[in-house]
Amino acid sequence: MLWKEQVANISKHWVRCVTACSSKCLFCLDMDTPRNVYLSEEDVKAEILRGRMERDAWKIILSGGEASL
């Protein structure tokens, strides 16, 4: 397997920090998600730790919402 493929296949854990967004993009994966939800810093930290401990994730992806908001 190529090095880039190995990196892409590392176990990862998605953390959605916020769902605030004023756009209505057709391709959005979160269209059915409640809007304007913000996770507290403590909740984000706990979710990161859960990904590491329960899912053995070595890669954390912080995402969610519209960054310009």
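Ala, Val, Leu, Ile, Met, Phe, Trp, Tyr, Cys and Pro count here as nonpolar, Asp, Glu, Lys and Arg as charged, and the others, Gly among them, as polar. The exercises below concern a predicted model.

**Exercise 1. The largest pocket**

Task: State how much space lies in the largest pocket, which residues are closest to its centre, and how its lining divides by residue type.

Solution.
- Step 1. The space in the largest pocket comes to about 220 Å³.
- Step 2. The lining consists of 14 residues, and the closest to the centre are Cys21, Cys25, Cys28, Gly65 and Glu66.
- Step 3. Sorted by type, the lining has six nonpolar, four polar and four charged residues.

**Exercise 2. Cysteines and disulfides**

Task: Find how many disulfides the structure holds, and explain why Cys17 is not bonded to Cys21.

Solution.
- Step 1. A disulfide requires two cysteine sulfur atoms within 2.5 Å.
- Step 2. For Cys17, the closest cysteine sulfur belongs to Cys21 and is 15 Å away, so the two are too far apart for a bond.
- Step 3. Cys28 is in no disulfide either: its nearest cysteine sulfur, again that of Cys21, is 6.3 Å away.
- Step 4. The count for the structure is zero disulfides.
- Step 5. As for accessibility, Cys17 is partly exposed at 21% relative accessible area, and Cys28 is partly exposed at 28%.

**Exercise 3. Thr19 and Gly65**

Task: Decide whether Thr19 is buried or exposed, and describe how Thr19 and Gly65 are placed relative to each other.

Solution.
- Step 1. Thr19 sits in the loop between strand 1 (12-16) and helix 2 (41-55).
- Step 2. Buried means under 20% relative accessible area. The value for Thr19 is 11%, so Thr19 is buried.
- Step 3. A polar atom of the Thr19 side chain lies 3.4 Å from the backbone nitrogen of Asn36.
- Step 4. Apart from neighbours within four places in sequence, the contacts of Thr19 are Thr33, Pro34, Arg35, Asn36, Val37 and Gly65.
- Step 5. Gly65 belongs to the segment after strand 2 (59-63), and with a relative accessible area of 37% Gly65 is partly exposed.
- Step 6. Along the chain Gly65 and Thr19 are 46 residues apart, but their C-alpha atoms are 4.3 Å apart in space.
- Step 7. With neighbours within four places set aside, Gly65 is in contact with Val18, Thr19, Ala20 and Cys21.

**Exercise 4. Val18 and Ala20**

Task: Classify Val18 and Ala20 as buried or exposed, and give a C-alpha separation for each.

Solution.
- Step 1. Val18 lies in the loop between strand 1 and helix 2, and Ala20 is found in that loop too.
- Step 2. Val18 has a relative accessible area of 17% and is therefore buried. Ala20, at 2%, also counts as buried.
- Step 3. Val18 and Arg35 are 17 residues apart in sequence, with 8.5 Å between their C-alpha atoms.
- Step 4. Ala20 and Val44 are 24 residues apart in sequence, with 16 Å between their C-alpha atoms.
- Step 5. Beyond neighbours within four places, Val18 is in contact with Val37, Tyr38, Ser63, Gly64 and Gly65.

**Exercise 5. Two residues of strand 2**

Task: Describe the surroundings of Ser63 and of Lys59.

Solution.
- Step 1. Ser63 lies in strand 2, and so does Lys59.
- Step 2. Ser63 is buried at 18% relative accessibility, whereas Lys59 is partly exposed at 32%.
- Step 3. The side chains of Ser63 and Arg16 are joined by a polar contact of 2.9 Å.
- Step 4. Excluding neighbours within four places in sequence, Ser63 is in contact with Trp14, Val15, Arg16, Cys17 and Val18.
- Step 5. Under that exclusion, Lys59 is in contact with Val7, Ile10, Ser11, Lys12 and His13.
- Step 6. One of these, Ser11, is 48 residues from Lys59 along the chain, and their C-alpha atoms are separated by 6.3 Å.

**Exercise 6. The backbone at Asp56**

Task: What is notable about the phi of Asp56?

Solution.
- Step 1. Most residues other than glycine have a negative phi.
- Step 2. The phi of Asp56 is near 55 degrees, a positive value in a residue that is not glycine.
- Step 3. Asp56 is located in the loop between helix 2 and strand 2, and at 43% relative accessibility Asp56 is partly exposed.

Notes
Residues numbered from 1 in each chain as written. Predicted model: local features only at pLDDT ≥ 70, side-chain atom pairs only at ≥ 80, totals over all residues. Heavy atoms only, no water. 1 Å grid on protein atoms, 1.4 Å probe; cavity = no way out; pocket = protein on both sides within 12 Å on 5 of 7 lines; lining within 4 Å. Points joined across faces, edges and corners; volume = space filled by probe spheres on them. Buried < 20%, exposed > 50% of the residue type's maximum accessible area, 1.4 Å probe, protein only. Helix = DSSP H or I, 4+ residues; strand = E, 2+ residues; numbered from the N terminus. Polar contact = N/O pair within 3.5 Å; in protein donor to acceptor, adjacent residues only side chain to side chain. Contact = heavy atoms within 4.5 Å.
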